[in-house]
Structure formats: structure tokens, C-alpha cells
Amino acid sequence: MLGARPFHFDPQVGSTNDVAREWALAGAPAGFVALAEEQIAGRGRFGRFWSAPPGTSLLISVILRPRVSHARLPRLTMVGAVAVAETLSDLESGSDISVSIKWPNDVWLNGLKVAGVLPEAIWQGQTMSAVILGIGLNVRVDFKGTPLEGRATSIESAAGLAVDRAQLLAHLLQRIDYWSMRVEDPGLFEAWRSRLITLGRHITAHGEKGDLAGQAVDVDDDGTLILRADDGTIHRIVAGEVTLSG
Ligand code: BTN
């Protein structure tokens, strides 16, 4: 499953991103993966908690050591979202399942969130020494009766079939390896953009400028979202999240 890849496994841990960070600071190479069956302090974006019952997900954090400028960091977000989307794309053939990405990096199955990506950079002075690419992928989480019902899903509930988590992990790591070695490749942007469910939709963007409603017109290859607000003004949203409203 992991072959010669260096890894660290914990049955239970605070956050795999923290484990991978410690290993990165100790010199672990690119491709190193920290994984766990359960996190008790799993982090989502914007300081949210990422929770999953033990053994129901892939909870991984991969060390990347890309040579990219600060402005290109969102390309690492693309690596995570595209790698997950491509791993799940096998489910699309011969079924009514569609895999999409909600800007910037939520992966959706049939309009419900199935995975989240949390890249965290490690800075040593002015130098970025590594990026920890954290991914939580719901494999058999049952969201029925939880506050996330109707917003989140897992592979097995969407596809109605049993999934081998070891094979899924191997496939996902292979796609992360592939794209993390091609961070500047225009193909990465094209793969990300082509799956963005956000484009052309009426949305509310929650970003550094507060809440802004309008149409998602386009994205640029740094991952910035171009929004035409309802008053006609054009805005560039570099970071944040969106809700789809039309
Ligand atoms: C999001 O908010 O959508 C991002 C969620 C990222 C969760 C994963 S689970 C593995 C890794 N370790 C963490 O603490 N968070 C990420």
C-alpha cells in the first residue's frame, strides 16, 4: 500500500497535520505521509474542527517541499483538490456520480462535500521549508441525523458500494505525487478549473472583504476567484470560501 514511502501511523492522534509538521521540521522528505484512524483535534479551514468516527475516513497529511513563491501557494491547494477528484473519478464511469470542486478546495460528490483539503506552510524565517497537505476524505461516514446531513457525504453512501481504503489511499498518494511534482504545470490549473462547480453560479463569497454576493465569473491560475458583484463591480477573492446560491 505505502511501498517504500516513509510514513507515520497513529491509531489516534490530535491532528495528522501536527504530526507531519514535526516530521518535516525534523527533516522528513517530500512524500512522507502521516496518517491516523482517528483525530481528536482534527483541523478544518477557518479554525473549524474536522471530525470523523474512527476508521471511517482517510485522514492524511503529506509533506511537500515545493519551490514556489508565496503567490503560488494556492497551487498546492489545487494539488490536493485535483488529486482527490481524480482518485474519485473512477466512480463516475457508468454511474450518475459526478465529482466536482467547490472553490477553492472542497471536493464534492453529487453536490455534497466528500473531502476537505488543508494546506499549511512551514516558514523558517522568510523561507518556506515545507507545506503540509492535510486531506480528510469521507469513506464510510454516516451523516444521517447529524448537523452535516444534506451537506456532506461519503464515498460509500454516494456510490452504494464498498471501498477498499488501502487501495484508495495508494491511488490518492499517487495522484498527490504526480501533481506535487508539477505545481507549475498549466495542466494542474486546467484540471482544477474544469471541475469547479462554482463557475457561472450566483454565490456569496465569505472572504477578507466580508460577504459579497454576485456571479463567479472566472478564476486565474493563482487560484484567485473573479466575482462580478450584484452591483456590477468586479472583485478578486484570493482566499475565503463560497456558498452557492443559484
Ligand atoms: C476543510 O475544512 O475542508 C479542510 C479539512 C481538512 C481535514 C484534514 S483531516 C487530515 C488533516 N489533519 C487535520 O487536522 N486536518 C486535515
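So, glutamine 39: an N or O atom in its side chain is 2.9 Å from a nitrogen atom of the ligand. Keep in mind that this is a predicted model, so please hear every distance I give with that attached.

Let's stay with the ligand for a bit. Two arginines come in through their backbones. At arginine 43, a polar backbone atom is 2.7 Å from an oxygen atom of the ligand. At arginine 45, a backbone N or O atom lies 2.6 Å from a ligand oxygen. How much of the ligand does the protein bury? Taken alone, the ligand exposes 410 Å², and 98% of that is buried by the protein.

Where does the ligand sit? In the largest pocket. Which elements give two or more residues to the shell around it? Those are helix 1, residues 16-25, then strand 3 at 57-64, strand 6 at 112-124 and strand 7 at 127-138. Strand 6 gives the most, with four residues.

If you count up the whole shell, 20 residues surround the ligand. The closest are Ser15, Gln39, Arg43, Arg45 and Lys113, so you've already met three of those names. By class, the shell has ten polar residues, six nonpolar and four charged.

Okay, on to the loop between strand 2 and strand 3. Phenylalanine 46 is in that loop, and its phi is near 55°, which is a positive value in a residue other than glycine. Generally speaking, most residues other than glycine have a negative phi. Is phenylalanine 46 buried or exposed? Somewhere in the middle: its relative accessible area is 48%, so it counts as partly exposed.

Further along that loop, between strand 2 at 33-39 and strand 3, you'll find alanine 52. Alanine 52 has a relative accessible area of 11%, so we call it buried. If you want a distance across the model, the C-alpha atoms of alanine 52 and glycine 160 are 19 Å apart, and those two are 108 residues apart along the chain.

There's another positive phi to point out. Asparagine 110 isn't a glycine either, and its phi is about 45°. Asparagine 110 is in the loop between strand 5 and strand 6. With a relative accessible area of 37%, asparagine 110 is partly exposed.

While we're in that part of the chain, here's one for your cursor: the peptide bond from tryptophan 103 to proline 104 is cis, with omega near 0°. In general, most peptide bonds are trans. Proline 104 is placed in the loop between strand 4, residues 99-102, and strand 5, residues 106-109.

Last stop, the start of the chain. Arginine 5 is in the segment before strand 1, which runs 7-13. What does the side chain of arginine 5 make a polar contact with? The side chain of aspartate 177, at 2.6 Å. You might expect an arginine out in the open, but arginine 5 is at 17% relative accessibility, and the cut-off for buried is under 20%, so arginine 5 counts as buried.

Then, in strand 1, there's histidine 8. At 25% relative accessibility, histidine 8 counts as partly exposed. The C-alpha atoms of histidine 8 and alanine 34 are separated by 4.8 Å, with their positions 26 residues apart along the chain.

That's my tour, over to you.

Definitions and conventions: Residues are numbered from 1 along each chain as its sequence is written. This is a predicted model: local features need pLDDT of at least 70, side-chain atom pairs count only at pLDDT 80 or more; totals for chains, interfaces and linings use all residues. Side-chain values use heavy atoms; hydrogens and water are left out. A residue is near a molecule or strand if one of its heavy atoms lies within 4 Å of it. A polar contact is a pair of N or O atoms within 3.5 Å; within protein, one must be able to donate a hydrogen and the other to accept it, and residues adjacent in sequence count only if both atoms are side-chain atoms. Accessible areas come from the Shrake-Rupley method with a 1.4 Å probe; for residues, only the protein chains shown count as cover. On a 1 Å grid over the protein atoms alone, a cavity is a set of points where a 1.4 Å probe fits but cannot get out, and a pocket is an open set with protein on both sides within 12 Å along at least five of seven lines; lining residues have an atom within 4 Å of a point. A molecule sits in a cavity or pocket if more than half of its atoms lie within 2 Å of its grid points. Ala, Val, Leu, Ile, Met, Phe, Trp, Tyr, Cys and Pro count as nonpolar, Asp, Glu, Lys and Arg as charged, and the others, Gly among them, as polar. Buried means under 20% relative accessible area, exposed over 50%, partly exposed in between (1.4 Å probe, protein chains only).
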